[in-house]
Amino acid sequence: MMHSIGIFTTASSEPLSAANYYIDMFVNVYGAASATFIPVTQLSNNANDPEVADLVNQQTGFFFGGGDQLRRLRLLAQAESRVVGTLE
């Protein structure tokens, strides 16, 4: 089975940079078939985006990076977040 890891770096002050670090680590060190940045950030305003929810649904596992965890909670706890619905 090929594993694809969804990388949430929502809690990071620099989510794209952190995602690139983790993607490299999961693919090149741990041998994941792929690792994908899930682009839900403080500025993205896309926790309800169907395309992001579809991206989440394509993953076989998830990694949540460190940082200010309240950033992630605020974004993912939105009342009708499709991303959260996909994770349930």
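**Notebook: cores and ring pairs**

I began with Ala-18 in this predicted model. Leaving aside residues up to four places away in sequence, I found that Ala-18 touches Thr-9 and Ser-12.

I next looked up the largest nonpolar core, to which Ala-18 belongs. This core has 10 residues: Ile-5, Ile-7, Ala-18, Ala-19, Tyr-22, Met-25, Phe-26, Ala-32, Ala-35 and Phe-37. I noted that strand E1 (4-8), helix H1 (15-29) and strand E2 (34-37) each supply at least two of its residues. Helix H1 gives the largest share, 5 residues. I also recorded a second, separate core of 7 residues, among them Ala-47, Val-52, Val-56 and Leu-75.

I then turned to the aromatic rings, and a search of the whole structure returned 6 aromatic pairs. I examined Phe-8 and Phe-62, whose ring centres are 5.9 Å apart; their planes stand at 50°, so I entered the pair as tilted. Phe-8 belongs to strand E1 and Phe-62 to strand E3 (residues 61-64), so this pair ties together parts 54 residues apart in sequence. I checked the accessibility of both partners: Phe-8 is buried, at a relative accessible area of 1%, whereas Phe-62 is partly exposed, at 32%.

I took Tyr-21 and Tyr-22 as my next pair, and entered it as edge-to-face, with 5.2 Å from centre to centre and 70° between the planes. Tyr-21 counts as exposed at 53% relative accessibility, while Tyr-22 counts as buried at 16%. Finally, I traced a cluster in which ring pairs link Tyr-21, Tyr-22, Phe-26, Tyr-30 and Phe-63. Tyr-22 and Phe-26 had already appeared in my list for the largest nonpolar core.

Key:
Residues numbered from 1 in each chain as written. Predicted model: local features only at pLDDT ≥ 70, side-chain atom pairs only at ≥ 80, totals over all residues. Heavy atoms only, no water. Core = buried A, V, L, I, M, F, W, Y, C linked by side-chain atoms within 4.5 Å. Buried < 20%, exposed > 50% of the residue type's maximum accessible area, 1.4 Å probe, protein only. Helix = DSSP H or I, 4+ residues; strand = E, 2+ residues; numbered from the N terminus. Contact = heavy atoms within 4.5 Å. Phe/Tyr/Trp six-rings, centres within 6.5 Å; stacked < 30°, edge-to-face > 60°.
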